[in-house]
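Please work through the following exercises with the sequence and the model at hand. Each task is followed by a solution in steps.

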Amino acid sequence: MVASDRSPAPAPGDPSATARERLPAPRRHPVLHAVDLVRETLPPLHPGGRPVIGAVAAGALALRAARGRGTVGAALTTAAVAAFFRAPRRTTPRRAGIAVAPADGTVSVVGDAEAPPELVAKGFPSGPRPRVSTFLSVYDVHVQRVPTDGQVLAVEHRPGTYVSADLPEASEGNARTSLWLRDTEGRDLAVVQIAGLLARRIVCDAAAGDEVAAGETYGLIRFGSRVDLLLPPGSAIGVEIGQRTVGAETVLATLPDAATLPPGAPGDGG
């Protein structure tokens, strides 16, 4: 008798079920498998880079059409610009009480600093707090990552100058966008995107009220820049000047226990 499609499934331990479980999975077509490998190898692009990539590609193709040659050059130029806007997938440590790097780059400044006045005006706790500055060269990934789980309380942009982002004074004078983040334990942090000598465009996709998770991409700075992370007082910084950081993966600091912060202290969320 031929079993119908509605025959009951074999019970666990049934020899016929075990035999079927041993059958190899259907093989994927080699071309489709190759496409999957390319997708896994090449990082996705940040949406903020698409207009720039499109403009560069159009210009390169127009130049190639006018000169009748230069296909390779056009392709390489477009690929180089596209690489600048890459947003690679990262694996973020899920340990509690840590702040991960908001950017790829080189640690350029470690020390205490005041929070941006524009955030203090919004209610961010005033007073000195630990700061780690990361300098991004034109070769680094330029997307920014959320350092901890929490909620965005404010995002403020301030126009300014465009001195080289690796200089300490860049934090004060350069154009910047500051984000106030309160983590799930009530500790206050600030992430500051700072324009550089060549950077003229800061993209911040986060807005006040957003619930965010550590490691998420939230912004982009185009062509050389700096990102400052201001931590709660009492944080233990775990990186040194000159050290390379990997956004969303490198642990920049261990945060203080929120219960040990006195009421009204900067960073207690009060």
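**Exercise 1. Identify the bridge partner of alanine 99 in β14, and describe the strand pairings of β14.**

Solution. The model is a predicted one.

Step 1. Locate alanine 99 and look across to β14: its bridge partner there is alanine 253.

Step 2. Extend the view from this residue pair to the strands. Strand β1 covers residues 98-100 and strand β14 covers residues 251-254; the two pair in the antiparallel sense, with three bridges.

Step 3. Turn to β12, residues 236-237. This strand also runs antiparallel to β14 and is joined to β14 by two bridges. Within β14, threonine 254 is the residue that stands opposite alanine 236.

**Exercise 2. Determine which strands pair with β3, and decide whether β3 is largely enclosed or not.**

Solution.

Step 1. Begin with β2. This strand pairs with β3 in the antiparallel sense over seven bridges, and aspartate 112 stands opposite proline 130 of β3.

Step 2. Continue with β11, residues 225-230. Six bridges join β11 to β3, and the two strands run antiparallel. Here leucine 136 has serine 225 of β11 as its bridge partner.

Step 3. Consider burial, for which the cut-off is under 20% relative accessible area. Strand β3 spans residues 129-136, and seven of its eight residues are buried, so the strand is largely enclosed by the rest of the structure.

**Exercise 3. Describe the surroundings of glutamate 114.**

Solution.

Step 1. Place the residue: glutamate 114 lies in the loop between β2 (105-113) and α5 (117-120).

Step 2. Set aside neighbours within four places in sequence. The residues in contact with glutamate 114 are then Ser126, Gly127, Pro128 and Leu230.

Step 3. Take glycine 127 from that list. Its C-alpha is 5.7 Å from that of glutamate 114, although 13 residues separate the two in sequence.

**Exercise 4. State where alanine 248 is found, and decide whether this residue is buried or exposed.**

Solution.

Step 1. Alanine 248 is found in the loop between β13 (244-245) and β14.

Step 2. Examine the backbone. The phi angle of alanine 248 is near 75 degrees, which is a positive value in a residue other than glycine.

Step 3. Assess the accessibility. Alanine 248 counts as buried because its relative accessibility is 0%.

**Exercise 5. Which residues line the largest cavity, and which classes of residue line the largest pocket?**

Solution.

Step 1. Rolling a probe the size of a water molecule over the atoms shows where empty space is left.

Step 2. Count the cavities: there is one of 30 Å³ or more. The volume of the largest cavity is about 30 Å³.

Step 3. List the lining of the largest cavity: Val146, Pro147, Val152, Leu179, Ala206, Val212 and Tyr218. By class, this lining holds seven nonpolar residues, with no polar and no charged ones.

Step 4. Pass to the largest pocket, which has a volume of about 220 Å³. Its lining has 16 residues, and those nearest the pocket centre are Arg95, Ala96, Gly97, Ile98 and Asp149. By class, the pocket lining comprises seven nonpolar, three polar and six charged residues.

**Exercise 6. Summarise the chain as a whole: how many helices and strands does the chain have, and what share of its residues is buried?**

Solution.

Step 1. The chain has six helices and 14 strands.

Step 2. Of its 270 residues, 42% are buried. The accessible surface of the chain is about 14,300 Å², and carbon and sulfur atoms contribute 59% of this area.

Step 3. Among contacts with a separation of 6 or more, 75% join residues 24 or more positions apart.

Note on methods
Residues are numbered from 1 along each chain as its sequence is written. This is a predicted model: local features need pLDDT of at least 70, side-chain atom pairs count only at pLDDT 80 or more; totals for chains, interfaces and linings use all residues. Side-chain values use heavy atoms; hydrogens and water are left out. On a 1 Å grid over the protein atoms alone, a cavity is a set of points where a 1.4 Å probe fits but cannot get out, and a pocket is an open set with protein on both sides within 12 Å along at least five of seven lines; lining residues have an atom within 4 Å of a point. Grid points are joined across faces, edges and corners, and a volume is the space filled by probe spheres set on the points. Ala, Val, Leu, Ile, Met, Phe, Trp, Tyr, Cys and Pro count as nonpolar, Asp, Glu, Lys and Arg as charged, and the others, Gly among them, as polar. Two strands pair if DSSP finds at least two bridges between them. Helices (H or I, at least four residues) and strands (E, at least two) are DSSP runs, numbered from the N terminus. Buried means under 20% relative accessible area, exposed over 50%, partly exposed in between (1.4 Å probe, protein chains only). Contact means heavy atoms within 4.5 Å. Accessible areas come from the Shrake-Rupley method with a 1.4 Å probe; for residues, only the protein chains shown count as cover.
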